[in-house]
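This report describes the fold of one protein chain for a reader who is new to structural biology. Please keep the sequence and the model in view while reading.

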Amino acid sequence: MIKPIMRNQTFLAQPCAPATAADAQTAQDLLDTLAAHSHECVGMAANMIGVPKRIIVFDDEGTSRIMFNPEVISCAGPFETEEGCLSLLGRRTATRYRTIKVRYEDEAFRSKTKSFAGWTAQIIQHEIDHCNGIVI
């Protein structure tokens, strides 16, 4: 189900709780909401739809992906960039990394570790910031 976008910065600044299998519907709602905003958005975290759980969805070169409880475990190649956010007005600067390795759980809550680079890595970093209560 497409959900309204959360814009309350106090809410968005709170770190999210770990996700469980009971949060599967939230992941689907995130995918639906991302699809509805695909013309202006490439990734979302659950707190962006008012659910303070560690769930992200993102466009991975044309395929929508879900990660439960993602965390960056290594990174390389720092760079400065400007980013916008569907939840916030304007653009802000951020330090990102060209390559990252992420530990997460997939849709079946199996533990995974995967490396990402370039634009996809940047999207994931932005969404994990949301999970950590970092307002970008």
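The report proceeds from the whole chain to the sheet, then to the helices and to selected side chains.

## The chain as a whole

The structure is a predicted model. The chain contains 3 helices and 5 strands. Along the sequence, these elements follow one another in the pattern α-α-β-β-β-β-β-α.

The overall dimensions can be stated in several ways. Along the principal axes, the C-alpha atoms fill a box of roughly 35 × 35 × 30 Å. The radius of gyration is 14 Å, which agrees with the value near 14 Å that a compact globule of 136 residues would have. The accessible surface amounts to about 6,800 Å², and carbon and sulfur atoms provide 52% of this area. Of the 136 residues in the chain, 45% are buried. Among contacts with a separation of 6 or more, 64% join residues that lie 24 or more positions apart.

## The sheet

In what order do the strands of the sheet stand? The 5 strands form an open sheet in the order β1-β2-β3-β4-β5, and their pairing is antiparallel. Strands β1 (43-45) and β5 (111-117) stand at the edges; each has a single partner strand, so one side of each is left without a neighbour in the sheet. Neighbouring strands are turned by 45° against each other on average, direction ignored. As a general principle, the strands of a sheet pair through backbone hydrogen bonds, either parallel or antiparallel.

Strand β2 illustrates how the pairing is built up. On one side, β1 and β2 pair in the antiparallel sense over 3 bridges. On another, β2 (residues 55-60) pairs with β3 (residues 63-85), again in the antiparallel sense, over 6 bridges. Individual bridge partners are listed below.

| Residue | Bridge partner | Strand of the partner |
|---|---|---|
| Met44 | Val57 | β2 |
| Ile56 | Met67 | β3 |
| Phe58 | Arg65 | β3 |

The hairpin of β2 and β3 has 2 residues between the strands, and Glu61 takes a positive phi near 55° there. Is strand β2 enclosed or open to its surroundings? It is largely enclosed by the rest of the structure, because 5 of its 6 residues are buried.

## Helices against the sheet

Two helices that pack on the sheet are described here. Helix α2 (residues 24-36) packs on the sheet and touches β1, β2 and β3; the direction of helix α2 makes about 35° with that of β2. Helix α3 (residues 118-131) also packs on the sheet, touching β1, β2, β3, β4 (88-105) and β5. The direction of helix α3 makes about 100° with that of β4.

Thr120 belongs to helix α3 and gives a closer view of this region. The residue has a relative accessible area of 5% and is therefore buried, as the cut-off for a buried residue is under 20%. Which residues does Thr120 touch, apart from those up to four places away in sequence? They are Phe58, Asp59, Asp60 and Glu61. Phe58 is thus a contact of Thr120 as well as the bridge partner of Arg65, and Glu61 is the hairpin residue with the positive phi. The C-alpha atoms of Thr120 and Val102 are separated by 12 Å, and these two residues are 18 residues apart along the chain.

## Aromatic pairs

How many aromatic pairs does the structure hold? There are 2 aromatic pairs. In one of them, the ring centres of Phe58 and Phe116 are 6.1 Å apart and the planes stand at 85°, so the pair is edge-to-face. Phe58 lies in strand β2 and Phe116 in strand β5, so the pair ties together parts that are 58 residues apart in sequence. Phe58 is buried, with a relative accessible area of 1%, and Phe116 also counts as buried at 7% relative accessibility.

Phe68 and Phe109 form a tilted pair, with 4.3 Å from centre to centre and 35° between the planes. This pair links distant parts of the chain, as Phe68 lies in strand β3 and Phe109 in the loop between β4 and β5, 41 residues apart. Phe68 is buried, with a relative accessible area of 2%, whereas Phe109 is partly exposed, with a relative accessible area of 23%.

Definitions and conventions. Residues are numbered from 1 along each chain as its sequence is written. This is a predicted model: local features need pLDDT of at least 70, side-chain atom pairs count only at pLDDT 80 or more; totals for chains, interfaces and linings use all residues. Side-chain values use heavy atoms; hydrogens and water are left out. Two strands pair if DSSP finds at least two bridges between them. Helices (H or I, at least four residues) and strands (E, at least two) are DSSP runs, numbered from the N terminus. Axes are lines fitted to C-alpha atoms, for helices over the stretch in contact, and angles run from 0 to 180 degrees between N-to-C directions. Contact means heavy atoms within 4.5 Å. Buried means under 20% relative accessible area, exposed over 50%, partly exposed in between (1.4 Å probe, protein chains only). The radius of gyration is taken over C-alpha atoms; the globule rule is 2.2 Å times the number of residues to the power 0.38. Accessible areas come from the Shrake-Rupley method with a 1.4 Å probe; for residues, only the protein chains shown count as cover. Rings of Phe, Tyr and Trp (its six-membered ring) pair if their centres lie within 6.5 Å; planes under 30 degrees apart count as stacked, over 60 as edge-to-face and the rest as tilted.
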